[in-house]
Structures are given as C-alpha cells and as structure tokens.
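Good morning, and thank you for the time on today's agenda. I shall present one structure, and I ask that you keep it in view while I speak.

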Amino acid sequence: MTDPLAAWHTEHLNFARLLDILEEQVAAFHMGETPNYALMGDILYYMRNFTDRVHHPREDVAYARLTELDPGVKLVVNRLLQEHRVLATAGDDLLTHVIEAGEDVVIPRAALEAATATYLVYYRHHLSTEERDVMPRAAQLLTEQDWAAVDAIVPVRPDPLFGSNVLERFETLRRQIDLDAKAARDQGPAPGTP
Ligand SMILES: [Fe+2]
Ligand SMILES: [Fe+2]
C-alpha cells in the first residue's frame, strides 16, 4: 500500500508542475504571443476532473478527522475547505474562458491574463498552506484507520495524467511534462545547491 502522506505530497508536486506550465503560457500572453490554449484547457480540465473530484474530496474527509483530533487546526482547515470550493469555481470559469479564446471568441487579453494569474497565486498559496500548516499535523495524528476511512468515502482513483495509464486527451500534456522534467534533469542542480 502506498503511504498516503507521500502520495498526497506527490500530487501537490504534480499540481505545482501544472501551475508552472500555466504560468509559462501566461508569460507568452504577456509577451504578445498566442498561448497554447489546448494545453491550458487540458490542465484546467485535469484540475476540474481529478483534483476537484478526488484530491480535494479526500482532503475534505481527512481534514474533518484531523479537526476532531486537533481542534487547533480548525481555523486553517475551514479556510482550506472554502478554498476548495473557490478553486473549483475559478477553475470552471477559467476553463470556459480558455475554451472560448481557443475558439476565437473575442476575450479581452488582459482579462484572461489576470484571471489566470489570480488562479496561479491562489492555488500556490493553497498548496503551500497545506504543506506547511496541515500535513505535518496530519502526519502526526492521522492513523491507518483514519486513512482507511478516507479511502472508504472517497476511493483512490488512477491518475489520468501522471499515472501509468494516460488518458488520450492528456497525451500531449504528459509529453510536455516529461520534456520539462528531462530538461530540468539535464540542467543539473542549480548553482549553489549542495
Ligand atoms: Fe486542498
Ligand atoms: Fe491539496
């Protein structure tokens, strides 16, 4: 069985990679180039159909149990739960705009650029809060039984992008991710990294 904490963290790293690719597209926007709308759409589609349907609901269950064990996390957890709802709505809106832009519906460039940038900031903040404020407590307090309860309510589903069976519509995106990872490996560690 995979360690639920490790799997949870890996998913966050995966989402962070997708946000980086989204950011590259926003940068293209900013330079007056046409972003790859199909790639942006695929990222948002994944976020809506995997993250919002599996990752966040599993967190919702885990957070409820964590709050019972440590009422001290209630404030931060309530905010994170609310952010799950905001991220779902924001992702939906952004996906609609990106699809429209790809279909040449006239959308003010600045509006789409700003909406994407806001989504990036909000999402990254959400991930870092979970990593910093919640996951260490979850690692200390949640037991195997707690994780079994999470599995029972929201079962783990194969990841259609980062998993071994890539969904056809994600093949281009997966190739891009693998290329980026290879480029990062070929570059080696950043100067000053031990
Ligand atoms: Fe979350
Ligand atoms: Fe998360």
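Let me begin with a term. A donor is an N, O or S atom within 2.8 Å of the metal, and because water is not among the atoms, a site may look incomplete. Please also bear in mind that this is a predicted model.

With that term in hand, we may turn to the metals. The iron ion (ligand 1) and the iron ion (ligand 2) lie 3.2 Å apart, and Glu 59 coordinates both.

I shall take the iron ion (ligand 1) to begin with. Which residues supply its protein donors? They are Glu 59 (OE), His 84 (NE2), His 126 (NE2) and Glu 130 (OE), at 1.9 to 2.2 Å from the ion. Along the chain, these donors follow the spacing E-x24-H-x41-H-x3-E. The angles among the 4 donor atoms run from 83 to 175 degrees, and the site of the iron ion (ligand 1) is irregular.

Look at the last two letters of that pattern. His 126 and Glu 130 both belong to helix H4, which covers residues 109-141, and they are 4 residues apart, about one turn of the helix. An α-helix has 3.6 residues a turn, so residues three or four places apart point the same way. His 126 has a relative accessibility of 0% and therefore counts as buried. Glu 130 is likewise buried, with a relative accessible area of 0%.

Now to the iron ion (ligand 2). Its protein donors are His 12 (NE2), His 55 (NE2), Glu 59 (OE) and Glu 130 (OE), at 1.9 to 2.3 Å. This site, too, is irregular, with angles of 79 to 173 degrees among its 4 donor atoms. The spacing of the donors of the iron ion (ligand 2) along the chain is H-x42-H-x3-E-x70-E. His 12 lies in helix H1 (residues 4-30) and His 55 lies in helix H2 (residues 37-69), so this pair ties together parts that are 43 residues apart in sequence. Are these two histidines buried or exposed? His 12 is buried, at 3% relative accessibility, and His 55 is buried as well, at 2%.

Let us now step back to the surrounding chain. The UniProt record, an unreviewed entry, places the feature "domain: Hemerythrin-like" at residues 4-138. In the model, that span is 88% helix and 0% strand, and its end C-alpha atoms lie 10 Å apart.

Helix H1 offers a useful exercise. How far should its 27 residues span at 1.5 Å a residue? The expected span is 39 Å, and the end C-alpha atoms of H1 are 39 Å apart, which agrees. At the start of H1, a side-chain oxygen of Asp 3 comes to within 3.1 Å of the backbone nitrogen of Leu 5. H1 is followed by Gly 32, whose phi is positive, near 85 degrees.

Two further residues of H1 deserve a look. Asn 14 is placed in H1 and is buried, with 7% relative accessibility. Apart from its neighbours within four places in sequence, Asn 14 is in contact with Asp 159 and Phe 162. Ala 28 is also found in H1, and with a relative accessible area of 12% Ala 28 is buried; the cut-off for buried is under 20%. Not counting residues up to four places away, Ala 28 touches Glu 33 and Pro 35. From Ala 28 to Ala 139, the C-alpha distance is 39 Å, and the two are 111 residues apart in sequence.

I shall finish with one residue from H2 and one from H4. Leu 66 lies in helix H2 and is buried, at 1% relative accessible area. Leaving aside neighbours within four places, the contacts of Leu 66 include Val 134, Arg 137, Ala 138 and Leu 141. Leu 66 and Ser 164 are separated by 98 residues in sequence and by 31 Å in space, C-alpha to C-alpha. Thr 129 lies in helix H4 and is buried, with a relative accessible area of 2%. With residues up to four places away set aside, Thr 129 touches Val 76, Arg 79, Leu 80 and Val 134. Val 134 thus appears among the contacts of both Leu 66 and Thr 129.

To close, I return to the central point: Glu 59 bridges the iron ion (ligand 2) and the iron ion (ligand 1) in this predicted model. Thank you for your attention.

Terms used: Residues numbered from 1 in each chain as written. Chains lettered and ligands numbered in written order. Predicted model: local features only at pLDDT ≥ 70, side-chain atom pairs only at ≥ 80, totals over all residues. Heavy atoms only, no water. UniProt positions renumbered as here; feature names shortened; annotations may be inferred. Helix = DSSP H or I, 4+ residues; strand = E, 2+ residues; numbered from the N terminus. Tetrahedral: all angles 85-135°; square planar, octahedral: opposite > 155°, others 65-115°. Buried < 20%, exposed > 50% of the residue type's maximum accessible area, 1.4 Å probe, protein only. Contact = heavy atoms within 4.5 Å. Expected span 1.5 Å × (residues − 1). Polar contact = N/O pair within 3.5 Å; in protein donor to acceptor, adjacent residues only side chain to side chain.
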